[in-house]
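Biologist: I have a chain open here and would like to go through it with you. Can we start with the charged side chains?
Modeller: Yes, go ahead.

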Amino acid sequence: MYTQLADWHGPGPWILLVPLIWIAVVVLVIAVLRRTVWRRHGCGFGYGYGVGAGAGVAAEHPLAVLGRRYAEGDIDAEEYRAKRAVLSESPRDDAKGGGAR
């Protein structure tokens, strides 16, 4: 009986593949869910995957759009600064009250 136990070398290095296979299965399931079910129901990650968003088009932040337009030369520096000030200011209380626009 002692010689049988001495000849047994254990499971070997292939046992390390078992956790890697399970990790691959989990990653595959998450990838499939992200590409199908979650995107269809508006539970995707990031911007632009909700209701009313274009298919695969991420919604840009208004300041990013403004910066891009300035970099492309669509607007000048004065107009950029003025619009950035408007976009960066915090909302005022009289905007809620239904004042004149």
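Biologist: Is Lys-83 buried, exposed or partly exposed?
Modeller: Lys-83 counts as partly exposed, at 32% relative accessibility. Bear in mind that this is a predicted model.

Biologist: Which side chain does Lys-83 meet in a salt bridge?
Modeller: Glu-79, with 3.0 Å from N to O. Glu-79 is partly exposed as well, with a relative accessible area of 31%.

Biologist: Where do Glu-79 and Lys-83 lie?
Modeller: Both are in helix α5, 4 residues apart, which is about one turn of the helix.

Biologist: How many salt bridges does a search of the whole structure find?
Modeller: The search gives 3. One joins the side chains of Glu-60 and Arg-68, at 3.6 Å from N to O. Another joins Arg-68 and Glu-72, at 3.9 Å from N to O.

Biologist: Why would such side chains pair at all?
Modeller: Side chains of opposite charge can pair when their charged atoms come close.

Biologist: Which residues do salt bridges with shared partners join into one network?
Modeller: Glu-60, Arg-68 and Glu-72. Arg-68 takes part in the bridge with Glu-60 and in the one with Glu-72.

Biologist: And where do Arg-68 and Glu-72 lie?
Modeller: In helix α4, 4 residues apart, again about one turn.

Biologist: Buried or exposed, those three?
Modeller: Glu-60 is partly exposed at 48% relative accessibility, and Arg-68 is partly exposed at 35%. Glu-72 counts as exposed, at 52%, because the cut-off for exposed is over 50%.

Biologist: Change of topic. How many aromatic pairs are there in the whole structure?
Modeller: The search finds 1. The rings belong to Tyr-70 and Tyr-80, and they are stacked, with 4.6 Å centre to centre and 20° between the planes.

Biologist: Which parts of the chain does that pair link?
Modeller: Distant ones: Tyr-70 is in helix α4, residues 62-72, and Tyr-80 is in helix α5, residues 77-88. The two tyrosines are 10 residues apart.

Biologist: Is Tyr-70 buried or exposed?
Modeller: In between. Tyr-70 is partly exposed, with a relative accessible area of 37%.

Biologist: What is in the loop between α4 and α5?
Modeller: Ile-75 is found there. Ile-75 is buried, with a relative accessible area of 4%.

Biologist: Which residues is Ile-75 in contact with, leaving aside its neighbours within four places in sequence?
Modeller: Leu-66, Arg-69, Tyr-70 and Tyr-80. So Ile-75 contacts both tyrosines of the stacked pair.

Biologist: What about Gly-67?
Modeller: Gly-67 sits in helix α4 and counts as partly exposed, at 25% relative accessibility. The C-alpha atoms of Gly-67 and Arg-84 are separated by 8.8 Å, and the two residues are 17 apart along the chain.

Biologist: Over to the other end. Which residues form the nonpolar patch on the surface?
Modeller: Trp-14, Ile-15, Leu-16, Leu-17, Val-18, Leu-20, Ile-21, Trp-22, Ile-23, Val-25, Val-27 and Val-29. Together they have about 1200 Å² of accessible area.

Biologist: Where does Trp-14 lie?
Modeller: In the loop between α1 (2-7) and α2 (17-35). Trp-14 counts as exposed, at 52% relative accessibility.

Biologist: Which elements have the lowest and the highest mean pLDDT?
Modeller: α1 has the lowest, 58, and α2 the highest, 93. For the protein chain the mean is 76, and 63% of the residues reach 70 or more.

Biologist: Where does pLDDT stay under 50?
Modeller: Over residues 47-56. The model has 12 contacts beyond four places in sequence for that stretch. Where pLDDT is low, the predicted coordinates should not be read in detail.

Biologist: Last topic, the overall picture. How many helices and strands does the protein chain have?
Modeller: There are 5 helices and 0 strands.

Biologist: How much of the chain is buried?
Modeller: Buried residues make up 4% of the 101 residues, and Ile-75 is one buried residue. The accessible surface comes to about 9100 Å², of which 63% belongs to carbon and sulfur atoms.

Biologist: And what share of the contacts with a separation of 6 or more comes from residues 24 or more positions apart?
Modeller: Such residues account for 10% of those contacts in the protein chain.

Definitions and conventions: Residues are numbered from 1 along each chain as its sequence is written. This is a predicted model: local features need pLDDT of at least 70, side-chain atom pairs count only at pLDDT 80 or more; totals for chains, interfaces and linings use all residues. Side-chain values use heavy atoms; hydrogens and water are left out. Rings of Phe, Tyr and Trp (its six-membered ring) pair if their centres lie within 6.5 Å; planes under 30 degrees apart count as stacked, over 60 as edge-to-face and the rest as tilted. Buried means under 20% relative accessible area, exposed over 50%, partly exposed in between (1.4 Å probe, protein chains only). Patches are made of residues with over 30% relative accessible area and no salt bridge: like charges are joined within 9 Å, nonpolar side chains (Val, Leu, Ile, Met, Phe, Trp, Tyr) within 5 Å. Accessible areas come from the Shrake-Rupley method with a 1.4 Å probe; for residues, only the protein chains shown count as cover. A salt bridge is a side-chain nitrogen of Lys or Arg within 4 Å of a carboxyl oxygen of Asp or Glu. pLDDT is the predictor's confidence in each residue, from 0 to 100. Contact means heavy atoms within 4.5 Å.
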